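This briefing sets out the fold, the aromatic contacts, the charged contacts and the backbone of one protein chain. Please read it alongside the sequence and the model shown here.

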Amino acid sequence: QVQLVESGGGLVQAGGSLRLSCAASGRTPSTFGYGMAWFRQAPGKEREFVAAVRWSVGTTYYGDSVKGRFTISRDNAKNTLYLQMNSLKPEDTAVYYCAAGSVRSQTYDYWGQGTQVTVSA
């Protein structure tokens with residue numbers, strides 16, 4: 001089992017920055033080498049892929065809407081995933097979820113509870 005706990009959401013003005021964190025426990029990524037990702041879901045919209053990292057090799061992937069603005073990273077010692085979000089836009093407003101699973105097959109078996117990010121115009 002993998003437990004994921006997100007933190008770092010909040011309210012920010014357009015153009016601002018936030019950093020999200022996701023702490024993994026149980027079967028940790030540093031030991032088992034699975035992938036982790038960030039997704040988001042805005043009200044009335046489908047869940048959207050934001051970014052992912054293959055933990056063991058560090059390869060990263062990004063959704064088109066966040067490329068060049070968001071950076072995914074990991075701290076192996078802390079088993080913590082991060083999402084640095086810069087140049088935020090109102091359309092980035094959503095609940096952001098951390099997920100663990102296979103980046104290659106794009107299947108994620110474990111999800112966090114989500115953290116709200118609100119970007120004001």
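How many helices and strands does the protein chain have? The model, which is predicted, shows one helix and 11 strands in the protein chain. The points below begin with the overall fold and then turn to particular side chains and backbone positions.

**Overall fold**

- Read from the N terminus, the elements of the protein chain follow the order β-β-β-α-β-β-β-β-β-β-β-β.
- The radius of gyration of the protein chain is 13 Å, which agrees with the value near 14 Å expected for a compact globule of 121 residues.
- Along the principal axes, the C-alpha atoms of the protein chain occupy a box of roughly 40 × 25 × 25 Å.
- Buried residues make up 41% of the 121 residues of the protein chain.
- When contacts between residues at least 6 apart in sequence are considered, 53% of them join residues at least 24 apart.
- The protein chain has an accessible surface of about 6,200 Å², and carbon and sulfur atoms account for 46% of that surface.

**Aromatic pairs**

- A search of the whole structure identifies four aromatic pairs.
- One of these is formed by Phe39 and Tyr108, which count as edge-to-face because their ring centres are 5.4 Å apart and their planes meet at 75°, an angle over the 60 degrees required for that class.
- This pair links distant parts of the chain, since Phe39 belongs to strand β4 (residues 35-41) and Tyr108 to strand β10 (residues 107-111), 69 residues apart.
- Both partners are buried: Phe39 has a relative accessible area of 10%, and Tyr108 has a relative accessibility of 12%.
- Phe39 also pairs with Trp111, with ring centres 5.1 Å apart and planes at 55°, so this pair is tilted.
- Because Phe39 lies in strand β4 and Trp111 in strand β10, the tilted pair ties together parts that are 72 residues apart in sequence.
- Trp111 is partly exposed, at 30% relative accessibility.
- Through ring pairs, Phe39, Phe49, Tyr108 and Trp111 are joined into a cluster.

**Charges over rings**

- Phe39 has a further partner in Arg47, whose charged end sits over the Phe39 ring at 5.5 Å from its centre.
- Arg27 lies over the face of Phe32, 4.0 Å from the ring centre.

**Salt bridges**

- Side chains of opposite charge can pair when their charged atoms come close.
- The structure contains four salt bridges.
- In the salt bridge between Arg40 and Glu48, the closest N and O atoms are 2.8 Å apart.
- Which partner is buried and which is partly exposed? Arg40 is buried at 5% relative accessibility, whereas Glu48 is partly exposed with a relative accessible area of 28%.
- Lys67 and Asp64 form another salt bridge, in which the closest N and O atoms lie 3.2 Å apart.
- Asp64 is exposed, at 65% relative accessibility.
- A salt bridge also joins Asp92 to Arg69, with the closest N and O atoms 2.7 Å apart.
- Asp92 is placed in the loop between β8 (80-85) and β9 (94-102), and Arg69 in the loop between β6 (60-62) and β7 (70-75), so their salt bridge ties together parts that are 23 residues apart in sequence.
- Asp92 is buried at 1% relative accessibility, and Arg69 is buried with a relative accessible area of 11%.
- Arg40, Glu48, Arg69 and Asp92 are connected in a network of salt bridges.

**Backbone positions with positive phi**

- Asn79 is not a glycine, yet its phi is positive, near 50°.
- Asn79 is located in the loop between β7 and β8 and is buried, at 10% relative accessibility.
- Gln106, likewise not a glycine, has a positive phi of about 55°.
- Gln106 is found in the loop between β9 and β10.
- Is Gln106 buried or exposed? Gln106 is exposed, with a relative accessible area of 65%.

Key
Residues are numbered from 1 along each chain as its sequence is written. This is a predicted model: local features need pLDDT of at least 70, side-chain atom pairs count only at pLDDT 80 or more; totals for chains, interfaces and linings use all residues. Side-chain values use heavy atoms; hydrogens and water are left out. Rings of Phe, Tyr and Trp (its six-membered ring) pair if their centres lie within 6.5 Å; planes under 30 degrees apart count as stacked, over 60 as edge-to-face and the rest as tilted. Helices (H or I, at least four residues) and strands (E, at least two) are DSSP runs, numbered from the N terminus. Buried means under 20% relative accessible area, exposed over 50%, partly exposed in between (1.4 Å probe, protein chains only). A charge sits over a ring if NZ of Lys or CZ of Arg is within 6 Å of the ring centre and within 35 degrees of the ring normal. A salt bridge is a side-chain nitrogen of Lys or Arg within 4 Å of a carboxyl oxygen of Asp or Glu. The radius of gyration is taken over C-alpha atoms; the globule rule is 2.2 Å times the number of residues to the power 0.38. Contact means heavy atoms within 4.5 Å. Accessible areas come from the Shrake-Rupley method with a 1.4 Å probe; for residues, only the protein chains shown count as cover.
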